[in-house]
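Got a minute to go through some side-chain contacts? Let's ask what earns each one its label.

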Amino acid sequence: MTAKSNSRSTARLAAVQALFQHEMEKTPVPRLLKEFHDHRLGAEIEDAQYRPAEVEFFDDIVVGVSEKRDEIDALISEKLASGWSMGRLDKTMLQILRAGAFELMARDDVPTGTVISEYVDVAHAFFDKKDSGFINGLLDAIAKQVRSS
């Protein structure tokens with residue numbers, strides 16, 4: 001794994017955490033970005049060293065998801081199985097799906113397989129294999145709709 005892809009993996013995980021915090025605490029995005037820049041990305045907290053993250057990439061995901069949230073949520077919602085609603089999704093899972101959907105919609109520079117694989121990896125940090133498979137399937141369905149390749 002290259003340093004760039006490693007720092008992007010870290011940025012994706014941090015973005016999901018930031019989006020979760022935004023969802024739960026309603027922290028305004030500018031303050032949220034500053035907090036992560038100053039205290040989380042590449043920082044040492046309680047003797048734990050956080051890996052460096054590609055800050056611009058992190059910012060793009062967090063800002064992009066917050067700006068396009070309605071569009072992203074509509075995409076996710078239409079891909080959910082009959083009888084499922086956004087409200088039934090775990091809050092962390094929803095942030096993973098939002099970040100992944102945003103990247104598929106807005107970051108043509110990142111290959112589809114990379115986006116899906118990276119967010120499935122993020123899901124492994126929080127969920128079991130079944131839930132990670134759900135994320136894989138949903139992001140794949142979104143990719144088929146928003147990307148022509």
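What follows is a short Q and A on a predicted model.

Q: Why is the pair of phenylalanine 126 and phenylalanine 127 called tilted?
A: Their planes sit at 55° to each other, and tilted covers whatever is neither under 30 degrees nor over 60, so the label fits. The ring centres are 6.3 Å apart, which is inside the 6.5 Å limit, so they count as a pair. The structure has 3 aromatic pairs.

Q: What makes phenylalanine 127 buried?
A: Its relative accessibility is 16%, and buried means under 20%, so that's settled. Phenylalanine 126 comes in at 38%, which falls between 20% and 50%, so it's partly exposed.

Q: How do you know that aspartate 73 and arginine 69 form a salt bridge?
A: The N to O distance is 3.7 Å, and the cut-off is 4 Å, so the contact qualifies. Both residues belong to helix H4, 4 residues apart, or about one turn.

Q: Why does the salt bridge of arginine 98 and aspartate 73 tie together parts that are apart in sequence?
A: Arginine 98 is in helix H5 and aspartate 73 is in helix H4, so the bridge links parts 25 residues apart in sequence. Here N to O is 2.8 Å, and both side chains' residues are buried.

Q: What makes aspartate 109 partly exposed, and arginine 107 buried?
A: Aspartate 109 has 46% relative accessible area, while arginine 107 has 14%; buried is under 20% and exposed is over 50%, so both labels hold. The two meet in a salt bridge at 2.8 Å, N to O.

Terms used
Residues are numbered from 1 along each chain as its sequence is written. This is a predicted model: local features need pLDDT of at least 70, side-chain atom pairs count only at pLDDT 80 or more; totals for chains, interfaces and linings use all residues. Side-chain values use heavy atoms; hydrogens and water are left out. Rings of Phe, Tyr and Trp (its six-membered ring) pair if their centres lie within 6.5 Å; planes under 30 degrees apart count as stacked, over 60 as edge-to-face and the rest as tilted. Buried means under 20% relative accessible area, exposed over 50%, partly exposed in between (1.4 Å probe, protein chains only). A salt bridge is a side-chain nitrogen of Lys or Arg within 4 Å of a carboxyl oxygen of Asp or Glu. Helices (H or I, at least four residues) and strands (E, at least two) are DSSP runs, numbered from the N terminus.
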